[in-house]
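User: I am new to this structure. Can you teach me how to read it, one feature at a time?

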Amino acid sequence: PYGSDPVFRSTKSSMYRPDLDGQEGLFYDMSNSSVWINSATNSLRPFSVWAGNGMDEVYPFVLDAGLLGDRAQQMLKYMFEGKYLSGMTKLDVQLATWNPEVHQMVNSRISFELQPSGIFKVEI
């Protein structure tokens, strides 16, 4: 239910790489106890859950601020084609920003939630 790696999924993925068929073990731990394997479907699960200290379960995905142009587009495409994001997703963006001029770190959070009307509700 929480995605699959579009590089290894031959249907509905423009990122599919047939030259990597059967090579998942080069990129993932394929053992039975691996967090990367969905035991119900025996398929790859590239997005793993994280929960801690009474927080809701989350599925973290890190986009480095140094990503530029085409690579940033590839990462967003991976999130959509891997079914990490959908119309039902509430997306929380957390930013940690360092300002070297004043020696301060700022943590910001912005939430985007698609409403039934098709409009995004944004909370800052």
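User: Let us begin with charges. Which residue does Arg109 meet in a salt bridge?

Analyst: Here is the general idea. Side chains of opposite charge can pair when their charged atoms come close. Now the case here, in what is a predicted model. The side chains of Arg109 and Asp92 form a salt bridge, with 2.8 Å from N to O. Arg109 sits in strand β4 and Asp92 in strand β3, so the pair ties together parts that are 17 residues apart in sequence.

User: Is Arg109 buried or exposed? And what about Asp92?

Analyst: To read this, use two cut-offs: buried means under 20% relative accessible area, and exposed means over 50%. Arg109 has 46%, so the label is partly exposed. Asp92 has 30%, so Asp92 is partly exposed too.

User: How many salt bridges does the structure hold?

Analyst: The count is three. Another one joins the side chains of Asp19 and Arg17, at 2.6 Å from N to O. Arg17 is partly exposed, with a relative accessible area of 39%. Then there is Lys121, which forms a salt bridge with Glu123. Their closest N and O atoms are 3.3 Å apart. Lys121 is partly exposed at 40% relative accessibility, and Glu123 is partly exposed at 39%.

User: Now the strands. What is the order of the strands in the sheet?

Analyst: Strands count as paired if at least two bridges are found between them. Here, three strands make an open sheet in the order β3-β4-β5, and the pairing is antiparallel. The edge strands are β3, residues 90-99, and β5, as each pairs on one side only. On average, neighbouring strands of this sheet are turned by 20° against each other, direction ignored.

User: How many bridges join β3 to β4?

Analyst: There are 10 bridges between β3 and β4, and the two strands run antiparallel. Strand β4 covers residues 104-114. You can follow the pairing residue by residue. Leu95 has Ser108 in β4 as its bridge partner. Ala96 stands opposite Asn107 in β4.

User: What should I look for in the turn between β3 and β4?

Analyst: Look at the backbone angle phi. The hairpin of β3 and β4 has four residues between the strands. There, His103 takes a positive phi near 55°.

User: And how many bridges join β4 to β5?

Analyst: Four bridges do, and again the strands run antiparallel. One place to look is Phe112, which stands opposite Val122 in β5. This hairpin has five residues between β4 and β5. Gly118 in the turn has a positive phi of about 95°.

User: Last topic, the surface. Which residues make the nonpolar surface patch?

Analyst: A patch takes in residues with over 30% relative accessible area and no salt bridge, and nonpolar side chains are joined within 5 Å. In this model, Leu114, Phe120, Val122 and Ile124 make a nonpolar surface patch of about 430 Å². Take Val122 as the worked case. Val122 lies in strand β5, residues 120-123. Val122 has 45% relative accessibility, so Val122 counts as partly exposed.

User: Where does Val122 sit in the pairing, then?

Analyst: Val122 faces Phe112 across the pair. So one residue can be read in two ways: Val122 belongs to strand β5, and Val122 helps make the nonpolar patch.

Conventions
Residues are numbered from 1 along each chain as its sequence is written. This is a predicted model: local features need pLDDT of at least 70, side-chain atom pairs count only at pLDDT 80 or more; totals for chains, interfaces and linings use all residues. Side-chain values use heavy atoms; hydrogens and water are left out. Patches are made of residues with over 30% relative accessible area and no salt bridge: like charges are joined within 9 Å, nonpolar side chains (Val, Leu, Ile, Met, Phe, Trp, Tyr) within 5 Å. Accessible areas come from the Shrake-Rupley method with a 1.4 Å probe; for residues, only the protein chains shown count as cover. A salt bridge is a side-chain nitrogen of Lys or Arg within 4 Å of a carboxyl oxygen of Asp or Glu. Buried means under 20% relative accessible area, exposed over 50%, partly exposed in between (1.4 Å probe, protein chains only). Axes are lines fitted to C-alpha atoms, for helices over the stretch in contact, and angles run from 0 to 180 degrees between N-to-C directions.
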